[in-house]
Amino acid sequence: MSQSVVISGKGVWLPPHRISNQELVTALNAWSEAYNLEHAAEIAAGTCEPKPMSDAAFIEKASGIKSRYAFEKKGILDINRMRPDIEERPDDVLSQQAEMAVNAATIALKNANKTAADIDAVIVSCAYTQRAYPAIAIEVQAALGIAGFGFDMLVACSAATFAVHRAYEMVAVGSARAVLVINPELTSPQVNYTDRDSHFIFGDVATAIVIENGDLATSDHQYEILSTKAETQFSNNIRSNFGYVTRASDADPYSADKLFHQEGRKVFKDVCPMAIRHMQDHLHKLDLTETAVTRWWLHQANINMNQLIVRKLIGKEPGGEDAPIVLDEFANTASAGSIIAFTRHSDDLPSGSIGVICSFGAGYSIGSLIVKKR
Ligand code: CO8
């Protein structure tokens, strides 16, 4: 018989730096002006496109983003660099991403009333890992003194939900008592801060969740996982071509295609109906209706996207508490967004309330969990 499985702890670690829209816009516009001046002759001859200017008011209106956190601010606003200046650490020092993960995991463990001895597995799941091996999860496992095993997973924006699915399965069949799922989203190294269409989108953060056997859980707030659902459909509309094969080609390893890039409008149009249908199908499979859901903790890419999705689901204009938005403070934090919304906006729910955690993004990938407050 399978165990009842609960989310018993959660944590969000905030990086030390913040960057406002205006700071990014000022840097991009200064960089663009310098570029246009340098290429004035080609631009006049029509052989080179001038770089367009960005606008803070556009960013807030189009996305709902006001600011974001950065693991390292140095370098991002420097128009001679336009990328974070993250120092390489020696092999015997905790890597930056493991450091972020340990910070978030420590908060989640405390929130779950658990120690390292209670955890049987660690999954680090996010949009990028800092290196291929050894796994960041194993480094984190060692730093926290956890026995058992760890592994990394990459599923872009659905990395967190897909990892919780795996943790749920381990606990349900009894192969683990408790699993730590951590999402150290160090996105800033992959952001093209010279591209006005995407320079504002992402922020850094780390989230962590403890998934455990319901019989062992002792924390104040527990959410039983009733069901999980995942789906993927290939799309090139969100893409990064950076990878280990880059070195074997003579193409520019720092060209724009090696960084995050997307067709934002197309993504919006494709993903909204997919996410709506996904959540409806998932609820209906459990004989639940959309009106049974008290809260929707959705992926945080765009406020207009989330409002459209929830309006279609509940058939009315959503209030702030129906589907909490954290984009204004965090921007898009890849897979961590829905987990931040869940962590910040779930403890007030009365016992028995039903909620849906749902991520959607690159791949395309959609992952959801239906949970019930204990
Ligand atoms: N300032 C001023 N004007 C701008 C700017 C700017 N910064 N950016 C664009 N414009 C202009 C455009 O050029 C366009 O001008 P014109 O009409 O003359 O062509 C006009 O404004 C309108 O542009 P858009 O149609 O592109 O604007 P939208 O209203 O669509 O808003 C968004 C753009 C905000 C990007 C929106 O399309 C969006 O959010 N789409 C959804 C995207 C989404 O959900 N993506 C998921 C990505 S996250 C993910 O999958 C994780 C990946 C892994 C993590 C990566 C970490 C680095």
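Me: I'd like to start at the ligand. Which polar side-chain atom lies 2.9 Å from a nitrogen atom of the ligand?
Reply: That atom belongs to S54. Keep in mind that this is a predicted model. To read such a pair, look for N or O atoms within 3.5 Å of each other. D197 fits as well, with a polar side-chain atom 3.3 Å from a ligand nitrogen. For R265, the partner is an oxygen atom of the ligand, and the distance is 2.6 Å.

Me: And how much of the ligand's accessible area does the protein cover?
Reply: Here you take the area that the ligand has on its own and ask what share the protein covers. On its own the ligand has 1,200 Å² of accessible area, and 77% of that is covered by the protein.

Me: Which residues come nearest to the ligand?
Reply: The shell is read with a cut-off: a residue belongs if one of its heavy atoms lies within 4 Å. There are 29 residues around the ligand, and the nearest are C157, Q262, R265, N302 and A362.

Me: What is the make-up of that shell, by residue class?
Reply: Sort the residues by side-chain type. You get 17 nonpolar residues, eight polar and four charged.

Me: Which element gives the largest share of the shell?
Reply: That's α7, with four residues. Helix α7 spans 264–285, and both α7 and α3 (56–63) supply at least two shell residues each.

Me: Since α3 came up, how do I read a pair of packed helices?
Reply: You describe two packed helices by the angle between their axes and the distance between those axes. Take α1 (residues 21–38) with α3: their axes come within 9 Å and cross at roughly 130°.

Me: Which word fits that angle: parallel, antiparallel, perpendicular or oblique?
Reply: Over 145 degrees would count as roughly antiparallel, and 65 to 115 as roughly perpendicular. The α1 and α3 pair is therefore oblique. As for handedness, α1 passes α3 in a right-handed crossing.

Me: Now the backbone. Where is there a cis peptide bond before a proline?
Reply: Check omega for this one. From Y133 to P134 the peptide bond is cis, with omega near -5°. P134 sits in the loop between β4 (121–126) and α5 (136–144).

Me: What about the bond that joins G363 and Y364, cis or trans?
Reply: Cis, with omega about -5°. You'll find Y364 in the loop between β12 (354–361) and β13 (365–373).

Me: And what is phi of N113?
Reply: Look at the sign here. Phi of N113 is near 60°, so to speak a positive value in a residue other than glycine. N113 is in the loop between α4 (96–111) and β4.

Conventions: Residues numbered from 1 in each chain as written. Predicted model: local features only at pLDDT ≥ 70, side-chain atom pairs only at ≥ 80, totals over all residues. Heavy atoms only, no water. Polar contact = N/O pair within 3.5 Å; in protein donor to acceptor, adjacent residues only side chain to side chain. Areas by Shrake-Rupley, 256 points an atom, 1.4 Å probe, with all protein chains shown as cover. Nonpolar A, V, L, I, M, F, W, Y, C, P; charged D, E, K, R; others polar. Axes fitted to C-alpha atoms, helices over the stretch in contact; angles between N-to-C directions. Parallel < 35°, antiparallel > 145°, perpendicular 65-115°, else oblique. Left-handed = near helix turned anticlockwise from the far one by under 90°.
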